[in-house]
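Thanks, everyone; I would like to take a few minutes to walk through one model with you. Please have the structure open while I talk.

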Amino acid sequence: MKTNDAPAELVEQSLYEVRKTIHPRAVHGWFAAWRWALVWATQLVFYGTPWLQWNERQAVHFDIVHRKFYIFGLVFWPQDIIYLTVLLIIAALALFLFTAVAGRLWCGYACPQTVYTEIFLWIEKKIEGDRAARMRLDAAPLSARKAGLKAAKHGAWIAFALWTGFSFVGYVTPIRELWQEVLALSTGPWETFWVLFYGFATYGNAGWMREQVCKYMCPYARFQSAMFDKDTLIITYDPVRGEPRGKGEGKGHCVDCSICVQVCPTGIDIRNGLQYECIGCAACIDGCDQVMEKVGFPKGLIRYSTTHAMEQKLTRAQMFKRAFRPRVLLYSAILGGIVIAAGVSLWLRVPLKVDVIRDRAAIAREVEGGDIENVYRLVIMNTLERERVFDIEVVDLPSIHLEGETHVTVPAASSHLVPLRVRVHVGPGSLAPGQHKFHFVVYAHDDPRVYEREKSVFIVR
């Protein structure tokens, strides 16, 4: 067999691109103002909500230990899992709707990764300076000044991240109690773990990984293209206006200043077209508009537009008219219907839940007087935040009656286990052997309109 004596050329290629540090340039404008407004809004809600009080308790408290979720005047139990399901469906449909209309609005303005990256970049700018100063600092050899600035920046990052972790845990452990435990250095192992874990995640994602999370870790970046169409508003560069790039006679409006690249938090060049790394933050629009204003050209070289609008030269009115297409209207109708249904369900929600548990040790037994007796346990849950008395009845079987406690006092936002004996008289023409359906009826003593009917079976041998 003939062989080639010349050694084959070995080519080594990395499986991933080595990360280059991105120093986004600060930008001001209409979209930047909106982004910071949402930063303030989301963080005021996140950090402020645990400190709110309601009925002498924390307004929003996810009491996992006692399996109760308090959200202002509502108390949710594990049996209310349907509301969590509806909430997730609403979130998914809202994401589909916003993406179909205007792309990655969530990513660019309200995603926690975007929000915390903005905050960390603001801290970095305040300590190390603007983009040029940060780049010079990174390129400079290690010195006392550089070490001091880096230590101050990371110290501020870590402090903010730990406060974020503390606030996160404050939704589970009452935050005022948690604060006292932190001051006394007596937090429990789980509280300590989650404060440190969530704080570390915030510090790592917003301080170190930043655009890596959006480009490689977030699945939304990968499947977003399946949710776009030619009438979706996306951030676009107008090559008809902009090309050829440069300054002088015969050139387009793009002066090739690269401001759009410098302000981009993921480091892409929007002039190369839509890319999956684009998070839709519109920083490039604000940056380009500032340059256009300085050089005397109309704004909008980079703007929100659609593929159809760019191809067919549609006016702004025509473009927005096409945005309200059947797909968007269908998403809106479904989302609106579910939101209304969920709201009505919460409004009509009965502040009482009942579970029936049969005693399997004694399925059916004969007692004095020829009666057949079945034993049950009722779990009565009072979802109001005040004590309430409930009455218990059994219906739908002839001669059925209760033996045991039929008037039950249940504390506020608590459950009470009630053992009950249900008897049916058995005689000529009465119930045949087998299973017979009946209902427990539990209603509030002070308001009979508040009641629950829970079905069960009575066994006759």
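Trp194 lies in helix H8, and since this is a predicted model, what I say about this residue, as about everything else here, refers to computed coordinates. Is Trp194 buried, partly exposed or exposed? Its relative accessibility is 36%, and because buried means under 20% and exposed over 50%, Trp194 counts as partly exposed.

Trp194 also belongs to a nonpolar patch on the surface, which it forms with Phe168, Trp190, Phe193 and Phe197, and which together has about 540 Å² of accessible area. Helix H8, covering residues 189-209, supplies the largest share of that patch, namely 4 residues.

Let me turn to the strands, beginning with an open sheet of 3 strands in the order E3-E4-E5, where the pairing is antiparallel. The edge strands, each pairing on one side only, are E3 at 60-63 and E5 at 74-76, and neighbouring strands of this sheet are turned against each other by 15 degrees on average, with direction ignored. Between E4, residues 68-71, and E5 there are 3 bridges in the antiparallel sense, and Tyr70 stands opposite Val75 in E5.

My last stop is the pair made by strand E15, residues 434-444, and strand E16, residues 447-460, which run antiparallel and are joined by 11 bridges. How many residues lie between E15 and E16 in their hairpin? There are 2 residues between them, and if you wish to find your way along this pairing, you can take His439, whose bridge partner in E16 is Lys455.

Conventions:
Residues numbered from 1 in each chain as written. Predicted model: local features only at pLDDT ≥ 70, side-chain atom pairs only at ≥ 80, totals over all residues. Heavy atoms only, no water. Pairing = 2+ DSSP bridges. Axes fitted to C-alpha atoms, helices over the stretch in contact; angles between N-to-C directions. Patch = residues over 30% accessible without salt bridge, like charges linked within 9 Å, V, L, I, M, F, W, Y side chains within 5 Å. Areas by Shrake-Rupley, 256 points an atom, 1.4 Å probe, with all protein chains shown as cover. Salt bridge = Lys/Arg side-chain N within 4 Å of Asp/Glu carboxyl O. Buried < 20%, exposed > 50% of the residue type's maximum accessible area, 1.4 Å probe, protein only.
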